[in-house]
Amino acid sequence: MSNQGRSCAFCGDRKNLTREHIFPNGVIKRFEHDMVSYSDKSEKIFKSDLVVKDVCEYCNNVILSELDSSFIQLYEDFIRTPLQPGSNAEFKFDYNLLLRELLKISFNSARASADGFKSVKALKKYVPYILGEVNEAPDVMLRLQIVTSSKKINTQTNEFEGLMEAELLRSCKIDYRGPKHSFFMIRLVALNSFWFYLIFPIRKVSASRKETFLSGFLDLFNLKGVPLDSTMKSVTIPKEKTTYMHPNLFEGLSDKRA
């Protein structure tokens, strides 16, 4: 398909549009399982990572590549190996580099979805922050949920049959219909045991509405994770605040990779 008439999703340039992976290519190469993707545009499942084709060469290979490099090292140091049942989590990070990457993944993912228009529109305002042109995105709430691998037990014999490993790369919108849900959007970027929830307003909200929304969301999803913010450089999450891989975790994850 010709790129004529299309522009870079990040800088608006119409020249030299390239392919950009949803997740950084270096993360995909380090993911030790076959990537299985679903495209709700083509309604096909395929063994490959989804890509978008609307990022100019400069944004892709210079600005975003530099951002990806720092995240790939973070992935290698803390995220690549799924955590085992009963583990604590140690995580050291640069908040702004982390949030910029998570927003970039979410923005890419939304553009690859057939029904990601609302997410694209909501995330577009963070493009200057993703590109490093502004220093903060103060209205984004970021939470980290640690999901450990879980033991598989035969219910008839009560015997241990191995582990359900916390192994996945997923970016999607969270379908939440609780109090004040129409004022916010929630997106998940899950990388093995590290599940990052990005919560941001889609209209002007008061402090009380924000509190009501967040309380309802945390209660419904039974999140035991912790908030991350720009004052933090590291976090320790004890096993009491982790959860384990189980099917109910995937309820509410909507529009595939949107």
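I began with residues 42–47, over which pLDDT (the predictor's confidence in each residue, from 0 to 100) stays under 50. For these residues the model has 14 contacts (heavy atoms within 4.5 Å) beyond four places in sequence. I then looked up residues 254–258, where pLDDT also stays under 50 and the model has 32 contacts beyond four places in sequence.

I noted that this is a predicted model, in which local features need pLDDT of at least 70 and side-chain atom pairs count only at pLDDT 80 or more, while totals for chains, interfaces and linings use all residues. Residues are numbered from 1 along each chain as its sequence is written, and side-chain values use heavy atoms, with hydrogens and water left out.

For the protein, I recorded a mean pLDDT of 86, with 84% of residues at 70 or more. I listed six helices and 15 strands, taken as DSSP runs (helices H or I, at least four residues; strands E, at least two) numbered from the N terminus. Among these elements, strand E3 (residues 44–46) has the lowest mean pLDDT, 41, and H5 the highest, 98.

I next examined helix H4 (residues 117–124), whose buried residues are Ser119, Ala122 and Leu123. They lie on the same side of H4 because they cover an arc of only 95° around the axis, the arc being that of the directions from the helix axis to the C-beta atoms. Phe117 and Lys121 are exposed on the other side of H4. I used under 20% relative accessible area for buried and over 50% for exposed (1.4 Å probe, protein chains only).

The buried residues of H4 pack against helices H3 (95–111) and H5 (127–130) and strands E9 (169–174), E10 (184–191) and E11 (194–201).
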